[in-house]
Amino acid sequence: NDDASLSIAATSADKAEGQSGTTAFTFAVTRTGDLSGAASASWAVTGPAVSGADFPGDEMPSGVVSFAAGESSKVVTVDVAGDTAVESNEAFTVTLSDPSVGAVIETASASGVIGNDDASLSIAATDTDKAEGQSGVAAFTFTVTRAGDLSGAASAQWVVGGAGVDGADFTDGELPSGVVSFAAGENSKVITVDVAGDTAVESDEAFTVTLSDPGAGAVIGTASASGVIRND
């Protein structure tokens with residue numbers, strides 16, 4: 001026999017993409033049969049779920065895998081570009097073609113999955129348009145939802161602002177702020193803004209709660225939501 005067959009298999013090809021830099025996805029190409037000479041084949045990444053933007057250089061990876069005499073195994077490395085976009089998991093395929101003389105393709109393709117490891121945080125008003133009351137506090141509530149990868153913790157800063165309000169409108173005498181934190185698996189949290197009741201006659205006062213500074217692996221989707229403190 002003076003022929004060899006080339007087969008490809010995934011070795012480390014189902015993982016998170018990362019938020020930056022590159023992540024190496026690896027595939028092994030093995031050669032069986034006659035190993036006495038050199039051999040090679042082309043390889044290329046394809047798949048409807050991926051595009052050049054998923055890889056460094058903004059193009060679909062391709063190349064040539066080459067065997068010297070006696071070599072039976074080589075590694076094809078596909079570098080995936082990390083990002084903070086919230087997206088679905090993306091499957092792709094590495095396919096061998098154009099074997100050199102004396103070689104044939106046995107297993108032509110193997111698959112990888114680029115796992116999304118990002119989440120988006122969005123805020124919405126839930127109970128935020130009401131009378132302030134004459135004394136005590138009135139709780140105004142906002143809901144922050146997390147979508148995408150929920151496998152880890154996440155957080156963001158929040159702060160109350162608006163030209164119509166100042167610290168005197170709230171229980172601590174200052175504009176409220178804080179951190180909203182998600183444990184692994186959590187997808188919804190409530191922010192409560194305590195408004196101080198008073199007997200002053202004043203206009204209705206609009207304010208916003210704005211998210212910022214998301215932790216690693218998170219991006220801000222809807223950044224702000226509004227409330228209205230009604231004069232009573």
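Let's start at one residue, Phe 140. Leaving aside residues up to four places away in sequence, Phe 140 touches Asp 127, Thr 128, Asp 129, Lys 130, Ile 191, Thr 192, Val 193, Val 195, Phe 207, Val 228 and Ile 229. Keep in mind as you look around that this is a predicted model. So is Phe 140 buried or exposed? Its relative accessible area is 0%, and buried means under 20%, so Phe 140 counts as buried. One of its contacts, Lys 130, lies over the face of the Phe 140 ring, at 5.5 Å from the ring centre. Another, Ile 191, is 51 residues away from Phe 140 along the chain, yet the two C-alpha atoms are separated by 8.3 Å.

Now let's see what Phe 140 belongs to. Phe 140 is found in strand E12, which covers residues 137-148. Which strands pair with E12? One is strand E10 (residues 119-127), which pairs with E12 in the antiparallel sense over eight bridges. Within that pairing, Asp 127 has Thr 141 of E12 as its bridge partner. The other is strand E15 (residues 188-196), joined to E12 by nine bridges and also antiparallel. Here you can find Val 137 standing opposite Ala 196 in E15.

Next, move to some other aromatic rings. A pair of aromatic rings is described by the distance of the centres and the angle of the planes. How many aromatic pairs does the structure hold? There are six. Take Phe 27 and Phe 92: their ring centres are 6.0 Å apart and their planes meet at 70°, which makes the pair edge-to-face. Phe 27 sits in strand E3 (residues 22-33) and Phe 92 in strand E7 (residues 90-97), so this pair ties together parts that are 65 residues apart in sequence. Both Phe 27 and Phe 92 are buried.

Phe 92 has another partner, Phe 55. That pair is edge-to-face too, with 6.2 Å centre to centre and 85° between the planes. Phe 55 lies in the loop between strand E4 (39-46) and strand E5 (62-67), 37 residues from Phe 92, and the pair links distant parts of the chain. Why do we call Phe 55 buried? Because its relative accessibility is 2%. For Phe 92 the relative accessible area is 1%, so Phe 92 is buried as well. Add Phe 25, and ring pairs link Phe 25, Phe 27, Phe 55 and Phe 92 into a cluster. Phe 25 also has a charged neighbour, since Lys 15 lies over its face at 5.6 Å from the ring centre.

For a contrast, try a loop. Gly 215 lies in the loop between strand E16 (205-212) and strand E17 (218-220). With 23% relative accessibility, Gly 215 counts as partly exposed. Gly 215 and Ala 153 are 62 residues apart in sequence, while their C-alpha atoms are 8.8 Å apart in space.

Finally, zoom out to the whole chain. It has 18 strands and zero helices. The radius of gyration is 28 Å, well over the 17 Å that the globule rule gives for 232 residues, so the chain is more spread out than a compact globule. Its C-alpha atoms fill a box of roughly 100 × 25 × 20 Å along the principal axes. Buried residues make up 37% of the 232 residues. Among contacts between residues at least 6 apart in sequence, 71% join residues at least 24 apart. The chain exposes about 10700 Å², with carbon and sulfur atoms supplying 49% of it.

Terms used
Residues are numbered from 1 along each chain as its sequence is written. This is a predicted model: local features need pLDDT of at least 70, side-chain atom pairs count only at pLDDT 80 or more; totals for chains, interfaces and linings use all residues. Side-chain values use heavy atoms; hydrogens and water are left out. Two strands pair if DSSP finds at least two bridges between them. Helices (H or I, at least four residues) and strands (E, at least two) are DSSP runs, numbered from the N terminus. Buried means under 20% relative accessible area, exposed over 50%, partly exposed in between (1.4 Å probe, protein chains only). Rings of Phe, Tyr and Trp (its six-membered ring) pair if their centres lie within 6.5 Å; planes under 30 degrees apart count as stacked, over 60 as edge-to-face and the rest as tilted. A charge sits over a ring if NZ of Lys or CZ of Arg is within 6 Å of the ring centre and within 35 degrees of the ring normal. Contact means heavy atoms within 4.5 Å. The radius of gyration is taken over C-alpha atoms; the globule rule is 2.2 Å times the number of residues to the power 0.38. Accessible areas come from the Shrake-Rupley method with a 1.4 Å probe; for residues, only the protein chains shown count as cover.
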